[in-house]
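Open the viewer and follow the stops below. Each one says what to select, then what is there.

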Amino acid sequence: MPSVSAHVALTLAQHVDAVFGVMGNGNAYFLDALETQTDATFTAVRHEQGAVVAADAHFRASGRIAAGTSTYGAGFTNTITALAEAVQAHVPLVLVVGDEPTSGPRPWDVDQIALASAVGARTYTVGRTDAAATTVIAVEHALTYRVPVVLAIPYDVAALEAGELPSAPAPRLPAPLAPRGAFAEGMLDEIAAALRGAERPFLLAGRGAWLAGAGDALGALAERTGALTASSALGRGIFPDARYDLGVTGGFGADGAMDLVRTADVAVVFGASLNQFTMRFGDLFAPGTRVFQIDTAPAATHAHVGGFVRADARLAAEALVARFSSPSSPSSGHDFGDAAGLAGATPASGGVSDAGSAVVPARPWRETVDVAAARTYEAGDELAPDGRLDPRSAARRIAELLPEDRVVVSDGGHFIGWANMYWPVAAPDRMMMIGTAFQSIGQGWPSVVGAALARRDATIVLTSGDGGGLMAIADLESAVRAAGGRGMAVIWNDAAYGAEVNLYGLKGLAEGPMRIPEVDFAAFGAAVGAEGVVVRTLDDLDRLATWTAEDPATRRFLVLDLRISGDVIAPYQQEIIRVNS
């Protein structure tokens, strides 16, 4: 007869096709059932943190929920940092863990429910008669609230016979949050009127807009209003027309692009949290800019927001586009639309029609500026004054050589500016920064594992510093094994914890704890079957050009160990230094 652990595995596999983890006493029966009785794919990682990170990356890359698994005690506590990151980043996943027996804790047990709760994750504990139903509840909770959940199997329950697997209902998910009530409708009227009267309209979208599927509607709105567009770091590529897109806002943004944003007279923000980095610590918009926000958060997320609508980004964007199609819609200033502009498109339609064409001014704002020039970043020199590689020129050259089908996964650290500034991606699910929500490092290598399984058609490109790369080095092997020739890593090796040197070394604090003896990551990669290349000059990147041209089925995982200068400070870090000083 199936065991309690089998009930968990069989039920979970109905909703999850990828599981990552490390086997131990507490999850042995679960993994046995998963391997022998389901079609789910289990991928072993080498550290329990990597189990959660890989499941996190899998969702960010595919939109499909995944699971991690670990044993109890030390195995569970190893997952806490990654669990906190998933909570902060609003990533749904299920972490299946062993737990103390129902009779009470043993000397090596800890209060796992309290630990999970401390970082914001709820725990569901299965019993002998309710394992299947509890598993469905856990999946439903994760997907409904976009958070990780812990699914605990007590040690003395794991192998108990549980009878035939009962049928369990599918998780019930809430419908997208539509604008409701007279206030919401009136605020949408006000936003539409503001956009009609704007001379320099601007639209900003974030990851929430991408998760809502708002890209097409936002593209239509930008077209009908003549607006320039931009995204948060996690929303890169959401607007369909890149010709009028200023790229990423905040510290990753190009100076010319951010100067244009400050001249906007009306800005509408969709599904972006407006954190301090996106807002350039309050300097993104000029004092006279009218700022509106549309988000599922309970209230506006920044003091500069003057009008707020709580709604799904796609439904709200479609409602605004419909207002530009109706002859009776509120109007002031310019007329950007007509009745034929969007025939049949309503918030309930689920899409944006291409019928007709809107009437726009002869020279809308976005056509009067040189967007390409505004988005230009500093080219940098080949070598910095200290003789080491300039990360700006290296980033620019790597961008020219990377495969077009890339998915970029980023660890945390000073280096995050280089990929975000110089490496364009096609959509938000092709650039993920795992660790930044919780301000952590060391989650890069296992991110490759989850992304590689989620996007089997793409090349997974890791960008990591030497500090984070060493912290997660156990899962270098996992990354090489999971991605093979579809994976590569760029290690920004400055022999230091660069952010700490920039923020505290410059203040005169002792730099000894901030420095790292230079490590040969190329040799690390070679030790686990990758090809490693030490990069000291731009010519050393020629190997990336030939590697990109090779067949992914026959080439090896590539590790580029960039010996960069720590004296070149990323613009976003310069901004933080300015604020802290």
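Which residues of helix H2 (residues 28–37) are buried? Select the helix in this predicted model and pick out Phe30, Leu31, Ala33 and Leu34. Those four are the buried residues of H2. They lie on the same side of the helix, because the arc they cover around the axis is only 160°. Now turn to the other side of H2: Glu35 and Thr36 are exposed there.

Keep the buried residues of H2 selected and add their cover. It includes two elements from the start of the listing, helix H1 (4–12) and strand E1 (18–21). Strand E2 (41–44) and strand E3 (67–70) are also among the cover. So are strand E4 (93–99) and strand E6 (148–154).

**Next stop: Thr278**

Select the loop between strand E10 (266–270) and strand E11 (290–295); Thr278 lies in it. Is Thr278 buried or exposed? Thr278 counts as buried, because its relative accessibility is 8%, and the cut-off for buried is under 20%. Show its contacts, leaving aside neighbours within four places in sequence. You should find Leu204, Ser232, Thr249, Gly250 and Leu284.

**Next stop: Phe183**

Go to helix H8 (residues 181–197) and select Phe183. Phe183 counts as exposed, because its relative accessibility is 61%. The cut-off for exposed is over 50%. Then draw a C-alpha to C-alpha distance from Phe183 to Ala264. The two are 25 Å apart in space and 81 residues apart in sequence.

**Colour by confidence**

The protein chain averages a pLDDT of 92. At least 70 is the score of 94% of the residues. Where does pLDDT stay under 50? Select residues 328–360. For this stretch the model has 79 contacts beyond four places in sequence.

**Zoom out**

Show the whole protein chain as a cartoon: there are 22 helices and 18 strands. The radius of gyration is 25 Å, close to the 25 Å that the globule rule gives for 581 residues, so the chain is as compact as a globular protein of that length. Along its principal axes, the C-alpha trace spans about 70 × 60 × 50 Å.

Switch to a contact view. Of the contacts with a separation of 6 or more, 77% join residues 24 or more positions apart. Buried residues make up 58% of the 581 residues. Finish with the surface. The accessible surface comes to about 22100 Å², and carbon and sulfur atoms hold 52% of that area.

How values were computed. Residues numbered from 1 in each chain as written. Predicted model: local features only at pLDDT ≥ 70, side-chain atom pairs only at ≥ 80, totals over all residues. Heavy atoms only, no water. Buried < 20%, exposed > 50% of the residue type's maximum accessible area, 1.4 Å probe, protein only. Contact = heavy atoms within 4.5 Å. pLDDT = per-residue confidence, 0-100. Arc of directions from axis to C-beta. Rg over C-alpha atoms; globule rule 2.2 N^0.38 Å. Areas by Shrake-Rupley, 256 points an atom, 1.4 Å probe, with all protein chains shown as cover.
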